[in-house]
Amino acid sequence: MGSIRTPVTTTGLLRSENHEATCTVRATKVELAGSAGSVFEYADFSIENVSKNLPEGVYQITAFGKTQAVRYKNGFWIAP
């Protein structure tokens, strides 16, 4: 079966033990063709427009109803 890929954007929340900031999260919604939208996942995340300067470190990002760990290092958000 094929898939349908759609770019999507939402507001995300970045949190660490001592810091919190909102951001824009862009991703690709990958939907199983023929599933009428009931079978999908998000891929290719991009964190942008963070509401304040954050120090390097590990954060939890909540977006699209899911929470996962990310690392901020040298000005880039990456998977840990």
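**Entry 1: Lys66 and Glu41**

I began with a pair of side chains, Lys66 and Glu41, which meet in a salt bridge with N to O at 2.5 Å. I then looked up where the two partners sit: Lys66 is in strand β5 and Glu41 is in strand β3, 25 residues apart, so I noted this as a link between distant parts of the chain. A reminder to myself here that I am working with a predicted model.

Next came accessibility. Lys66 has a relative accessible area of 41%, which makes it partly exposed. For Glu41 I found 39%, so Glu41 counts as partly exposed too. The window I kept in mind is under 20% for buried and over 50% for exposed.

**Entry 2: Glu48 and Arg26**

My next stop was Glu48, which forms a salt bridge with Arg26; their closest N and O atoms are 2.7 Å apart. Glu48 belongs to strand β3 and Arg26 to strand β2, residues 20-32, so this pair ties together parts that lie 22 residues apart in sequence.

How accessible are Glu48 and Arg26? I read 25% relative accessibility for Glu48, which counts as partly exposed. Arg26 comes out at 39% and is also partly exposed.

**Entry 3: Arg15 and Glu20**

How many salt bridges does a search of the whole structure find? It finds three, and I still had Arg15 with Glu20 to write down. Their side chains meet in a salt bridge at 3.0 Å, N to O. Arg15 is partly exposed at 44% relative accessible area, and Glu20 is partly exposed at 41%.

A general note for the margin: side chains of opposite charge can pair when their charged atoms come close.

**Entry 4: the largest pocket**

I turned to open space next. The largest pocket holds about 200 Å³. Which elements give two or more residues to its lining? I listed β3 (40-48), β4 (57-63), β5 (66-73) and β6 (76-78). The largest share, four residues, comes from β5.

I counted 13 lining residues for this pocket, and those nearest its centre are Phe45, Ile47, Ile61, Gln68 and Val70. What is the make-up of the lining by class? I sorted it into 10 nonpolar, two polar and one charged residues.

**Entry 5: putting it together**

Looking back over my notes, I see strands β3 and β5 turn up twice. They hold the partners of one salt bridge, Glu41 in β3 and Lys66 in β5, and both are among the elements that line the largest pocket. Strand β3 also carries Glu48, the partner of Arg26 in β2.

Terms used. Residues are numbered from 1 along each chain as its sequence is written. This is a predicted model: local features need pLDDT of at least 70, side-chain atom pairs count only at pLDDT 80 or more; totals for chains, interfaces and linings use all residues. Side-chain values use heavy atoms; hydrogens and water are left out. On a 1 Å grid over the protein atoms alone, a cavity is a set of points where a 1.4 Å probe fits but cannot get out, and a pocket is an open set with protein on both sides within 12 Å along at least five of seven lines; lining residues have an atom within 4 Å of a point. Grid points are joined across faces, edges and corners, and a volume is the space filled by probe spheres set on the points. Ala, Val, Leu, Ile, Met, Phe, Trp, Tyr, Cys and Pro count as nonpolar, Asp, Glu, Lys and Arg as charged, and the others, Gly among them, as polar. A salt bridge is a side-chain nitrogen of Lys or Arg within 4 Å of a carboxyl oxygen of Asp or Glu. Buried means under 20% relative accessible area, exposed over 50%, partly exposed in between (1.4 Å probe, protein chains only).
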